[in-house]
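Here are my notes from a first pass through this one, as numbered points. Have the viewer open while you read.

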Amino acid sequence: MFASNVLSRVVGIVFESAQRQLKLVLPRCILSSRRMENSNLIPPFISEIKGFLDEEEGQRLFELALEACSLGPCLEIGSFCGKSTVYLGVACKIKGKTLFSIDHHRGSEEQQPGQPYFDFELLDSKSGVIDSFPYFRAVMQKAGLDEVVVPMVSKSHVVARDWATPLGLVFIDGGHSYDMVIKDYDYWYPYLLPGGFLVFHDIFLDPAEGGQAPYEVYKVALASGEFKALPMTKTLGILQRSGPVMVEK
Ligand SMILES: C[S@@+](CC[C@H](N)C(=O)[O-])C[C@H]1O[C@@H](n2cnc3c(N)ncnc32)[C@H](O)[C@@H]1O
């Protein structure tokens, strides 16, 4: 009698503890399997798109945009040929939201003829200037994002002039001089909703690795007290706007 009581008590404890463990582990498993399913929706041709975004950075952008879409639409500055746009756009498509993608498509300073990132295939032979828009447009069509991504072929400050829509995520990857990055930050961060993400590309903690302008502006944003820093993914610096977070998981 005593032995069977002890046994049933032990079985009960083991069962309760297994149940507790399962409750902890199960949501994580469901979340990561959902993430896997979702990231399978990124088209395989992403690796062939011209661009400067690392695959891990792209995956992180995709996950941030999935979360941000519960707050509002997303916006990027620096569409170029559409690599970051596809990662962000697929997340927006899944969530039924819009991605606004800004680029004058004339290339940054370092992409001009004679400069280190010049790409002859993007030179418009008629006008003699860079034009990445035809390439970008073809990528959007191939990725099935024509009804998700709103291309805005213009300079960032021109679009910002009459902007009024609150945003869930702002990705800054346009001009890389300090003057341009700080302007993009000043123009766009006010539209970011509490809980929304401000993401910078090309944050190099070590000056030997690359230009410091995005990192300088990232630090300005952090010092403003309006944001908290989230873990970086490679050169992706991620800040979350303070205030009540209303993100649905
Ligand atoms: C580094 S590339 C963007 C790379 C892109 N995000 C990707 O995933 O490959 C920078 C782009 O910003 C654009 N750009 C630079 N200054 C800009 C400005 N003031 N307004 C809009 N676009 C700008 C350039 O035309 C260029 O296509």
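1. Start with helix α4, residues 133-142, where the buried residues are Phe 136, Val 139 and Met 140. Looking down the axis of α4, these buried residues sit within an arc of 100°, so they line one face of the helix. That fits the usual geometry: an α-helix has 3.6 residues a turn, so residues three or four places apart point the same way. Keep in mind that this is a predicted model.

2. What sits on the other side of α4? The face turned away from the buried side carries Pro 134, Ala 138 and Gln 141, which are exposed. On the buried side, the cover includes α3 (83-95) and β3 (149-152). Just after α4 comes Gly 144, with a positive phi near 70°.

3. Now α3, which helps cover α4. How many of the 13 residues of α3 are buried? Eleven are, so α3 is largely enclosed by the rest of the structure. The buried set is Lys 83, Ser 84, Thr 85, Val 86, Tyr 87, Leu 88, Gly 89, Val 90, Ala 91, Cys 92 and Lys 93. Note that Lys 83 and Lys 93 are both on that list.

4. Which elements do the buried residues of α3 pack against? They pack against α2 (55-68), β1 (74-77), β2 (99-102), α4, β3 and β4 (167-172). The length of α3 looks fine: its 13 residues reach 19 Å from first C-alpha to last, close to the 18 Å expected at 1.5 Å a residue. As with α4, a glycine follows: Gly 96 comes after α3 and has a positive phi near 70°.

5. One of the packing partners of α3 is α2, and α2 is itself mostly covered, with ten of its 14 residues buried. Those are Glu 57, Gly 58, Arg 60, Leu 61, Phe 62, Leu 64, Ala 65, Leu 66, Glu 67 and Ala 68. Its span from first C-alpha to last is 20 Å, close to the 20 Å expected at 1.5 Å a residue.

6. On to the ligand. There are 22 residues around it, and the ones that come nearest are Gly 51, Gly 78, Phe 80, Ser 84 and Gly 175. Ser 84 is also one of the buried residues of α3. Is the shell mainly polar or nonpolar? The split is six nonpolar, eleven polar and five charged.

7. Ser 177 is worth a click: it lies in the loop between β4 and α6 (178-188). With 13 C-beta neighbours inside 10 Å, Ser 177 counts as partly exposed. Pro 214 is 37 residues away from Ser 177 in sequence, yet the two are 7.9 Å apart in space, C-alpha to C-alpha.

8. Further along, β6 (residues 227-233) and β7 (residues 236-241) pair in the antiparallel sense over five bridges. Leu 230 has Ile 238 in β7 as its bridge partner. The two strands form a hairpin with two residues between them, and Lys 234 in the turn has a positive phi of about 50°.

9. Stepping back, the protein has seven helices and seven strands, in the order α-α-β-α-β-α-β-α-β-α-β-α-β-β along the sequence. Of its 249 residues, 37% count as buried. Among contacts between residues at least 6 apart in sequence, 71% join residues at least 24 apart.

Terms used
Residues are numbered from 1 along each chain as its sequence is written. This is a predicted model: local features need pLDDT of at least 70, side-chain atom pairs count only at pLDDT 80 or more; totals for chains, interfaces and linings use all residues. A residue is near a molecule or strand if its C-beta atom, placed from the backbone, lies within 6 Å of it. Ala, Val, Leu, Ile, Met, Phe, Trp, Tyr, Cys and Pro count as nonpolar, Asp, Glu, Lys and Arg as charged, and the others, Gly among them, as polar. A residue is buried if 20 or more other C-beta atoms lie within 10 Å of its own, exposed if 12 or fewer, and partly exposed in between; C-beta atoms are placed from the backbone. Helices (H or I, at least four residues) and strands (E, at least two) are DSSP runs, numbered from the N terminus. The arc is that of the directions from the helix axis to the C-beta atoms. Two residues are in contact if their C-beta atoms, placed from the backbone, lie within 7 Å. Two strands pair if DSSP finds at least two bridges between them. The expected span of a helix is 1.5 Å times one less than its number of residues.
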